[in-house]
Amino acid sequence: MHRFLLTPRWWGINVFVALAVPFCLFMGTWQLGRFEDRVESHREANAERPADQVAAPLDSLLPVDKKTSGRLASTAGEYGDQLLVPERRLDGASGFYVLTLLKTDSGKSVPVVRGWLPGAADPARAPEPPTGRVEVTGALQASENSGTKGVHAQGGLPAGQLGVIAAATLVNIVPYDLYDAWLTVQTPADGMVPVPAQAPTNTGLDLKAFQNLGYTGEWFVFVAFVLFMWFRLYRREVETLRDAEAGLLDSAPQPAPQPAPQPVPAD
């Protein structure tokens, strides 16, 4: 009854199923692992930092990643150029950041957001930075880009204003080396409001994460479909053989007899 499974046709079907099922299982498991990694990244990125966290030297926390983003970093140097970052919202109100370049002892400069003020960006309202050598402690942040929420990436800002806090933008404004990161001071002075640290980008439960979850379901559905089709073909083959043994199959139709050729009368 089951000798048909050893025919060349069924050898091909069985080999295909034997390869397709583990492949689909592997791909589904891999996509599920990708989704779980994104969930873990989201959890780490949004985890609360300890209140008694000790600040680490700035250089030891670079480059910025999901583990070091938001960590307290400390550095020292002298404040230099000051810029305003307009159109930044905080607690539902529109205002601007006061950003000052800190020339550190390493020779590089790091942008420091010293605080936020409500209203339109106005240099007259921005407090002057402290003079002389200072020690600065702030939450470490990755450089912004055109896709970062709240940035002004269209350009056309007045002199002394900055739309995107990033070394790639500042390199066109200041003539010295820059860290590819920035700090936001959590205890600002001069009546400014502290700018809270933001979670690193591309670590949340975004569309890509749910795409991974959807692909996981698709690969497991493929497994079920392959097994279902194999079982359906197998059952149809068995039923055909049983019907043939029981004589239930219709005999093949005989070809209709062809009429004999008629003799052609002679002239």
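## A guided tour, beginning at Thr-75

Select Thr-75, which is found in strand β2, the run of residues 72–90. Please bear in mind throughout that this is a predicted model. With a relative accessible area of 14%, Thr-75 is buried, because the cut-off for that class is under 20%.

Next, display the surroundings of Thr-75. Leaving aside neighbours within four places in sequence, Thr-75 is in contact with Leu-58, Leu-102, Thr-104 and Val-110, and also with Val-134, Glu-135, Val-136 and Leu-183. To place some of these partners, colour the strands: β3 covers residues 93–104 and β4 covers 109–118, while β6 covers 181–184. Strand β5 spans residues 133–142.

**Backbone details**

Remain with strand β2 and move along to Glu-87, which also has its place there. Inspect the backbone of Glu-87: phi is positive, at about 60 degrees, although the residue is not a glycine. Glu-87 is partly exposed, its relative accessible area being 48%.

Now select Leu-62 and Pro-63 together. Which kind of peptide bond joins Leu-62 and Pro-63? The bond is cis, with omega at about -5 degrees. Pro-63 has its place in the loop between β1 (56–57) and β2, the strand that holds Thr-75.

**Salt bridges**

The tour now turns to charged side chains. How many salt bridges does the count come to? The count comes to 4 salt bridges, and three stops among them follow.

Begin with Arg-9 and Glu-237, which form a salt bridge whose closest N and O atoms are 3.5 Å apart. Arg-9 lies in helix α1 (residues 8–45) and Glu-237 in helix α3, so this pair ties together parts that are 228 residues apart in sequence. Helix α3 itself can be selected as residues 207–245. Switch on the surface to inspect both partners: Arg-9 counts as partly exposed at 44% relative accessibility, and Glu-237 is also partly exposed, with a relative accessible area of 23%.

Move next to Arg-133 and Asp-105, whose side chains meet in a salt bridge at 2.4 Å, N to O. Arg-133 lies in strand β5, whereas Asp-105 is in the loop between β3 and β4; the pair therefore ties together parts that are 28 residues apart in sequence. Are these two side-chain partners buried or exposed? Arg-133 is exposed, with a relative accessible area of 54%, and Asp-105 likewise counts as exposed at 54% relative accessibility.

Finally, select Asp-190 and Arg-114, where the side chains meet in a salt bridge of 3.8 Å, N to O. The pair links distant parts of the chain, 76 residues apart: Asp-190 in the loop between β6 and α3, and Arg-114 in strand β4. The two partners fall into opposite classes of accessibility. Asp-190 is exposed, with a relative accessible area of 52%, because the cut-off for that class is over 50%. Arg-114, by contrast, is buried, with a relative accessible area of 6%.

Before leaving Asp-190, examine its backbone as well. Phi of Asp-190 is near 60 degrees, a positive value in a residue other than glycine. Asp-190 thus offers two items to inspect at one position: the positive phi and the salt bridge with Arg-114.

Methods:
Residues numbered from 1 in each chain as written. Predicted model: local features only at pLDDT ≥ 70, side-chain atom pairs only at ≥ 80, totals over all residues. Heavy atoms only, no water. Helix = DSSP H or I, 4+ residues; strand = E, 2+ residues; numbered from the N terminus. Buried < 20%, exposed > 50% of the residue type's maximum accessible area, 1.4 Å probe, protein only. Contact = heavy atoms within 4.5 Å.
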